[in-house]
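Visitor: I am new to this structure and would like to understand the words used for its empty spaces and its ligand site. Could you show it to me and explain each term as we go?

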Amino acid sequence: MRIIEVNSYEDLSRKAAAIIAAQVIGKPDSVLGLATGSTPIGTYRYLTEWYKKGDLDFEKVRSVNLDEYAGLGGDNDQSYRYFMNHNLFNHINIHMENTNVPNGRAEDLQAEGSRYDALIAALGGIDLQLLGIGHNGHIGFNEPCDEFVVGTHVVDLGESTINANARFFAAAEDVPRQAITMGIGAIMQAKKVLLIANGPDKKEIVEKAVFGPVTPKVPASVLRLHPDCTVICCFQKA
Ligand code: F6R
C-alpha cells in the first residue's frame, strides 16, 4: 500500500486525477470503477478540465460505479447516477451506454446485484477502482459487519452513514435506509485501487484502516491485502 499525504484538497484532487489520467492514456479502453460523495468532486473537475484541453479521451472508456441508493432513479437529484452524470459524464466524451451504476429501482435488488457482478465480469473486471472512505470505514456501502461480503448486495445503511449523508438531503429522514453496493470481491479484484480521503475528520479512520488489523469491522482495512493500492489523504481543514 502506498500512502501519499498532501496538504490541500486541490493537491489530493490533482494527484488522484493524474493517476486516473495515466490509466486512461495507458489503456484507452480501461474499465474505471468510480465513486460518488464529496471527495471525488475535485478529481472529476480535473479530469473534465484535462479532457476539455484535449489531453484526455474517454471515447473507449467503460465505467462501473460502486453503489446506488435503493429506490432512487437516475432522474432523482440525490441518486448516484444523477451525481455521476452531472459531475463527470455529461462533461466528457464517455458514451453514456458505457457507464454503469447499479439500478436502485430494480424490482428485485438481489437479482440486480447478480446482474451487476456478471456485467463487471463480462467487462473483464475493473482496471482502476476509485474509492472514498466513510467515517465508519465503509468503502462503497460495505458497512462494518461480521464478515466481508463478496458480491454486489443490498445493505441497510448504518446510523453514521445516514447522518453523514443527510447533508445532501432536506432532512435525515429523507436519506434512503438501504442501498445496493458492489461487494469487497470486485473491489479487491480490481487491478489497481485508489482511495482518497479528505479532511481532519477522516484521519482517525484512515489510520485505523491503514495501521490497524484487517477486519470487516473496518471494511477499508481489507485494502491492505490488495497488491496495488494507493491512498491519497489530506487531513488539513479546508
Ligand atoms: C460513494 C461511496 C462512499 C463514499 C464515502 C465517503 O460512492 O461509495 O463510500 O466514498 O461515504 O464519502 P465522502 O467523499 O462524501 O466523504
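Visitor: What makes the lining of the largest cavity nonpolar, polar or charged by class?

Guide: This is a predicted model, and in it the lining of the largest cavity has nine nonpolar, no polar and no charged residues. The residues that line the largest cavity are M1, I133, L195, V206, A209, V210, A220, L223 and V231. Met, Ile, Leu, Val and Ala count as nonpolar, so these residues fall into that class.

Visitor: Which helix gives the largest share of the lining of the largest cavity?

Guide: Helix α7, which spans residues 203-211, supplies three residues, the largest share of that lining. The volume of the largest cavity is about 50 Å³, and a search of the whole structure finds two cavities of 30 Å³ or more.

Visitor: How do you know which classes occur in the lining of the second largest cavity?

Guide: That lining divides into nine nonpolar residues, one polar and no charged. Among the residues that line the second largest cavity are I20, L32, F58 and S63. Ser is not listed among the nonpolar or the charged residues, and therefore S63 counts as polar. The second largest cavity has a volume of about 40 Å³.

Visitor: What takes up the space of the largest pocket?

Guide: The ligand does, for the space taken by the ligand is the largest pocket. A pocket is an open set of points, whereas a cavity is a set from which the probe cannot get out. The largest pocket has a volume of about 760 Å³, and 44 residues line it, with T36, G37, S38, T39 and R167 lying nearest its centre. The largest share of that lining, four residues, comes from α5, and the lining as a whole divides into 18 nonpolar, 20 polar and six charged residues.

Visitor: Why is the pair formed by the ligand and the side chain of T39 called a polar contact?

Guide: An oxygen atom of the ligand is 2.4 Å from an N or O atom in the side chain of T39, and a polar contact is a pair of N or O atoms within 3.5 Å, so this pair qualifies. For H138, an N or O atom of the side chain is 2.7 Å from an oxygen atom of the ligand, and for K202 a polar side-chain atom lies 2.7 Å from a ligand oxygen. The protein covers 93% of the 410 Å² of accessible area that the ligand has on its own.

Note on methods: Residues are numbered from 1 along each chain as its sequence is written. This is a predicted model: local features need pLDDT of at least 70, side-chain atom pairs count only at pLDDT 80 or more; totals for chains, interfaces and linings use all residues. Side-chain values use heavy atoms; hydrogens and water are left out. A polar contact is a pair of N or O atoms within 3.5 Å; within protein, one must be able to donate a hydrogen and the other to accept it, and residues adjacent in sequence count only if both atoms are side-chain atoms. Accessible areas come from the Shrake-Rupley method with a 1.4 Å probe; for residues, only the protein chains shown count as cover. On a 1 Å grid over the protein atoms alone, a cavity is a set of points where a 1.4 Å probe fits but cannot get out, and a pocket is an open set with protein on both sides within 12 Å along at least five of seven lines; lining residues have an atom within 4 Å of a point. A molecule sits in a cavity or pocket if more than half of its atoms lie within 2 Å of its grid points. Grid points are joined across faces, edges and corners, and a volume is the space filled by probe spheres set on the points. Helices (H or I, at least four residues) and strands (E, at least two) are DSSP runs, numbered from the N terminus.
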